Amino acid sequence: MTTTTPDTEAVRAEAPRPRKWRPTDENGRRMRVWELALRYVLLLAVLALMIGPFLWQLSTSLKGPHENIFSSPPKFLPSDPTLHNYERVADTIPVWDYAFNSLKVAAANVVTNCVGAALAGYALARLRYRGRKAATLVFILAMLVPVEGIIIAQFTTMRDLGLNNTLVGVLLPGCVSALNVLLMRNAFLNVPYEIEEAAFVDGANVWQRFFRIALPAVKGTLAVVAIFAFMGAWDDFLWPLIVLSDPDKFTLTIGLNYLHGTFANDERLVAAGTVIAVLPLIVLFACLQRYFFRGVGEGAVKG
Amino acid sequence: MTAMKTPSPATSPAPPAGGAPRATKAARAPRAGRRVRRQLPTSPWLFAAPGLVIVGWFILYPFVSTVLNSFTDKRQLVEGKYVGLANFRELLHDDMFWIGLRNSTLYVLVVVPALVILPLLLAMLVQKQIPGITFFRSAFYTPVVASIVVVGLIWVWMLDERGLVNAVLEAVGAGKVGFLSDQWLLLFSAMAVTVWKGLGYYMIIYLAALANVPRELHEAAAVDGAGPVRRFVSVTMPAVRSTMVLVAALSSVAAFKVFSEVYLMAGPTGGPAGEDTTLVMLVQRTGTGLTGRVGYASAISVVIFVVTVALMLLVLRADRKENR
């Protein structure tokens with residue numbers, strides 16, 4: 001600890017090598033080559049751990065019926081890659097219908113959450129009326145309720161509405177999430193309100209101010225809400241498991257669980273099913289990762 | 001001029017004429033020769049209504065009825081009557097409840113420390129702007145994106161007796177391990193999967209916190225001769241401490257309510273002799289179906305509420321203590 005580490009001056013005094021990029025640490029200082037190499041080794045090790053299981057699943061799904069998937073040592077590359085398992089999974093369970101069901105729920109969840117959270121968030125942040133504080137409190141309380149604890153009562157409520165075993169029933173409880181409302185409220189609060197004031201003076205009514213001024217200013221947060229709404233609905237497991245009983249109406253997650261339970265012996269099939277479920281999400285994520293990371297980061301900073 | 005031009009932030013954080021009643025009043029006031037005429041008779045409640053209805057109907061009302069139901073012997077399709085604390089008394093003698101409570105608590109004790117420390121180390125690893133780092137960050141986030149069912153099924157296959165992990169273990173001469181057949185190994189495997197899936201999520205949270213650590217602090221420490229370890233303990237850790245508390249709070253609440261991982265890996269009945277059942281699995285099992293005991297399941301839910309709130313308070317209190 002007290003031994004001499006080359007201080008900043010010494011590092012900077014080193015003859016600068018002609019390089020295109022200069023590896024620097026978080027403080028903008030140059031990094032040594034061995035340290036950089038160590039970093040890449042560690043990064044690759046973690047990469048193998050995080051991505052490896054997905055690739056193994058993909059590989060399993062591509063292995064043909066005559067290939068030994070239990071070989072030892074394990075073989076990563078299918079000797080004779082085939083899409084046959086994807087056909088078979090569609091013959092076994094209506095996997096594309098399930099995917100379509102998931103897509104319907106997820107898309108509807110995006111719309112309802114964006115609209116509902118933007119409207120409510122605007123009302124909480126920008127409008128003045130008696131009971132605004134109470135309304136805010138309602139959303140805060142709702143955010144604190146652990147959903148896992150209320151599923152039985154939700155199920156009973158849904159049954160009273162006659163919506164059990166329907167996709168609407170899957171959608172409804174989460175279609176405007178309290179967390180999203182509060183996210184939108186924070187976003188609207190951060191918009192400088194002089195602009196809206198100017199519009200007000202110019203005679204814009206509340207809807208005009210909402211649509212033309214406030215909403216465009218919070219597009220980033222809206223995108224985050226949309227992404228999380230989609231992922232949340234596409235990934236949800238516990239609630240659809242409880243609401244849906246009829247295999248015709250399953251969403252993809254429940255369908256996969258069903259497939260796993262019924263055809264546990266054929267790993268190739270289950271693997272193909274999981275690849276179908278995860279691929280759209282990975283593609284979506286790859287396209288939108290900028291918003292993603294910003295959103296998660298923002299959420300964290302604001303707590 | 002009017003008060004509008006110089007709004008004092010302390011008194012009015014919102015535009016003065018958002019709501020209908022005020023809007024009409026404002027419209028009457030002469031303002032720089034203009035009048036607000038096109039104010040629609042819109043109540044602000046119209047904005048908040050969709051959210052309030054959904055949240056009230058499907059979150060708060062079920063919450064209240066869960067608490068009320070916990071004092072009844074209500075079943076699915078059968079109205080219950082008030083039975084006082086009978087459900088809670090029964091819980092005390094229900095082995096399954098204690099198994100669930102034990103497993104959920106164990107889950108918190110193992111998963112939370114791992115999710116407070118490991119993602120921080122990971123965040124430090126991906127923090128530096130070196131070529132390709134964006135790719136690594138995204139790749140590490142993939143398990144977060146993948147749905148829990150996919151993740152669960154992938155690991156069921158990986159940890160299967162004939163799966164990849166065992167094949168590797170056998171190849172190196174370590175012999176097979178029955179990850180999914182032993183009660184404890186199964187539970188710890190599920191914990192490992194939870195940690196694996198959560199790493200990327202908390203990594204991003206830490207990344208945001210690390211970005212806010214003042215560079216000067218590190219430089220000053222380096223000038224004073226502090227090595228990397230010393231700088232981590234004395235500069236980085238204090239700077240991200242509040243984030244660590246946040247991560248601890250988020251992950252402990254999530255870990256206590258674990259359902260999917262264990263359900264998928266251990267099966268609906270919770271592994272050998274149901275020994276891997278968690279509390280939420282127990283709620284799902286006892287409360288649903290035509291004969292589901294709503295009252296009893298609600299009592300378990302109330303225990304979940306209480307422990308969740310207690311966990312939050314505990315974490316926050318630990319935070320305050322350290323702050324002093």
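**A walk through a helical two-chain model**

A:L179 counts as partly exposed, because its relative accessibility is 46%. That value, like every other here, is computed from a predicted model. A:L179 sits in helix α8 of chain A, which spans residues 178–189. It is a useful place to start, since A:L179 belongs to a nonpolar patch on the surface. The other members of the patch are A:L137, A:I140, A:L141, A:M143 and A:L144. Together with A:L179, they have about 530 Å² of accessible area. Helix α5 of chain A, residues 132–144, gives the patch its largest share. Five residues of the patch come from this helix.

Now step back to chain A as a whole. Its secondary structure comes to 14 helices and zero strands. Along the sequence, the pattern is α-α-α-α-α-α-α-α-α-α-α-α-α-α. Chain A has 303 residues, and 53% of them are buried. About 14200 Å² of chain A is exposed. Carbon and sulfur atoms supply 64% of that area. Consider next the contacts in chain A with a separation of 6 or more. Residues 24 or more positions apart account for 68% of these contacts.

How is chain A divided? Domain 1 covers 33–81, and domain 2 covers 93–296. Taken over C-alpha atoms, the centres of domain 1 and domain 2 of chain A are separated by 34 Å. The two domains of chain A are in contact: 10 residues of domain 1 meet eight residues of domain 2.

From the surface, turn to the interior. In soluble globular proteins, nonpolar side chains tend to be buried together. The largest nonpolar core in this model holds 184 residues. Which of them touch the most other members? They are A:F139, A:F188, A:F237, B:Y107 and B:F140. Helix α8 of chain B, residues 183–211, gives the core its largest share, with 16 residues. Chain A contributes too: domain 1 (33–81) and domain 2 (93–296) both give residues to this core, so the core lies between them.

B:F140 shows what such a residue touches. Leave out residues up to four places away in sequence. B:F140 then touches A:L43, A:V46, A:L47 and A:M50 in chain A. In chain B, B:F140 touches B:L122, B:V126, B:G200 and B:M203.

Charged side chains come next. Over all chains, the count comes to 12 salt bridges. One of the pairs is B:E275 with B:R102, at 2.9 Å from N to O. This pair links distant parts of the chain, 173 residues apart. B:E275 is in the loop between α12 (260–266) and α13 (279–287) of chain B, while B:R102 is in helix α4 of chain B, residues 95–125. B:E275 has a relative accessible area of 21%, so it is partly exposed. B:R102 is also partly exposed, because its relative accessibility is 30%.

In chain A, the side chains of A:D266 and A:R268 meet in a salt bridge at 3.9 Å, N to O. Are these two residues buried or exposed? Both A:D266 and A:R268 are buried. A:R88 joins them in a network of salt bridges. Back in chain B, B:D160 forms a salt bridge with B:R162, and the closest N and O atoms are 3.7 Å apart. B:R162 is partly exposed, because its relative accessible area is 41%.

Three loop residues complete the tour. A:N165 is in the loop between α6 (147–160) and α7 (167–171) of chain A. Its phi is positive, about 65 degrees, although A:N165 is not a glycine. A:N165 counts as buried, because its relative accessibility is 16%. B:A273 lies in the loop between α12 and α13 of chain B. Phi of B:A273 is also positive, near 55 degrees, in a residue other than glycine. B:A273 counts as exposed, because its relative accessibility is 72%.

The last stop is A:A204, in the loop between α9 (193–201) and α10 (206–217) of chain A. A:A204 counts as buried, because its relative accessibility is 13% and buried means under 20%. Leaving aside neighbours within four places in sequence, A:A204 is in contact with A:A199 and A:R209. How far is A:A204 from A:A117? The two are 87 residues apart in sequence and 22 Å apart in space, C-alpha to C-alpha.

Key: Residues numbered from 1 in each chain as written. Chains lettered and ligands numbered in written order. Predicted model: local features only at pLDDT ≥ 70, side-chain atom pairs only at ≥ 80, totals over all residues. Heavy atoms only, no water. Patch = residues over 30% accessible without salt bridge, like charges linked within 9 Å, V, L, I, M, F, W, Y side chains within 5 Å. Areas by Shrake-Rupley, 256 points an atom, 1.4 Å probe, with all protein chains shown as cover. Salt bridge = Lys/Arg side-chain N within 4 Å of Asp/Glu carboxyl O. Helix = DSSP H or I, 4+ residues; strand = E, 2+ residues; numbered from the N terminus. Buried < 20%, exposed > 50% of the residue type's maximum accessible area, 1.4 Å probe, protein only. Core = buried A, V, L, I, M, F, W, Y, C linked by side-chain atoms within 4.5 Å. Domains from an automatic or database assignment. Contact = heavy atoms within 4.5 Å.
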